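Let's take a walk through a protein chain together, one piece at a time. Have a look at the picture first, and then we'll start with what sits around the ligands.

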Amino acid sequence: MAVYEFPFQTGKIALDYDKCQGCRSYACVKACSLFGRNLFRIQDGKSVLVSAPEEAKRLCIECLACEFYCREFGNKGLGITLDMFGLSEYRRKTRQRQPKRGE
Ligand code: SF4
Ligand code: SF4
């Protein structure tokens with residue numbers, strides 16, 4: 001599986017090029033040009049970053065439009081992973097506060 005991945009401030013974007021094969025909409029490119037910062041271009045039939053990943057990390061406004069458009073109009077090759085800041089700590093605290101059965 002060929003995955004093209006880059007981070008943004010609170011997560012990461014991954015393109016699975018196996019799924020991108022055969023995609024003719026390039027909806028991710030369109031979405032980022034319409035709603036984001038125009039971070040993608042098409043090169044050799046693939047959607048790639050126009051700039052270095054560090055630059056994309058700085059520019060991405062985390063609008064999530066690329067993932068939404070890819071799912072709606074593309075081949076579902078793009079996935080966004082978001083960090084859940086503080087979730088582990090929150091779970092630990094709420095577990096401690098829960099009354100034990102029978103209390
Ligand atoms: S829209 Fe989705 S499937 Fe199509 S090229 Fe972009 S990431 Fe790949
Ligand atoms: S989240 Fe928005 S700005 Fe960032 S790459 Fe996707 S469409 Fe572009």
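Before anything else, we need to agree on what "around a ligand" means: a residue counts as near a molecule if its C-beta atom, placed from the backbone, lies within 6 Å of that molecule. Keep in mind, too, that what you're looking at is a predicted model.

With that in hand, start at ligand 1. It has 14 residues around it, and the ones that come nearest are Cys 20, Cys 23, Cys 28, Gly 74 and Gly 77. Two elements give two or more residues each to this shell, helix 1 (17-20) and helix 2. Sorted by class, the shell around ligand 1 holds eight nonpolar, five polar and one charged residues.

Now move over to ligand 2. Here 15 residues make up the surroundings, with Cys 32, Gly 36, Cys 60, Cys 63 and Cys 66 the closest. Helix 2 (27-35) and helix 4 (65-73) are the elements that give two or more residues to this shell, and helix 2 gives the most, with three. The classes in this shell come out as 12 nonpolar, one polar and two charged.

Helix 2 has turned up at both ligands, so what else does this helix do? Its residues Ala 27, Cys 28, Val 29, Ala 31 and Cys 32 are buried. The buried residues of helix 2 pack against strand 3 (40-43), strand 4 (46-49), helix 4 and strand 5 (78-82). As a bit of background, an α-helix has 3.6 residues a turn, so residues three or four places apart point the same way.

Next comes the largest nonpolar core, which has 17 residues; Cys 28, Cys 32 and Cys 66 touch the most other members. Strand 2 (11-16), helix 2 and helix 4 each give two or more residues to this core, and helix 2 gives the most, with five. Zoom in on Cys 32: leaving aside neighbours within four places in sequence, Cys 32 is in contact with Arg 37, Asn 38, Leu 39, Phe 40, Ala 65 and Cys 66.

Finally, step back and take in the whole chain. There are five helices and five strands, and from the N terminus on they run β-β-α-α-β-β-α-α-β-α. The C-alpha atoms fill a box of roughly 65 × 25 × 25 Å along the principal axes. A compact globule of 103 residues would have a radius of gyration near 13 Å, but this chain has 18 Å. Of the 103 residues, 19% count as buried.

Definitions and conventions: Residues numbered from 1 in each chain as written. Chains lettered and ligands numbered in written order. Predicted model: local features only at pLDDT ≥ 70, side-chain atom pairs only at ≥ 80, totals over all residues. Helix = DSSP H or I, 4+ residues; strand = E, 2+ residues; numbered from the N terminus. Nonpolar A, V, L, I, M, F, W, Y, C, P; charged D, E, K, R; others polar. Rg over C-alpha atoms; globule rule 2.2 N^0.38 Å. Buried ≥ 20, exposed ≤ 12 C-beta atoms within 10 Å, placed from the backbone. Contact = placed C-beta atoms within 7 Å. Core = buried A, V, L, I, M, F, W, Y, C linked by C-beta atoms within 7 Å.
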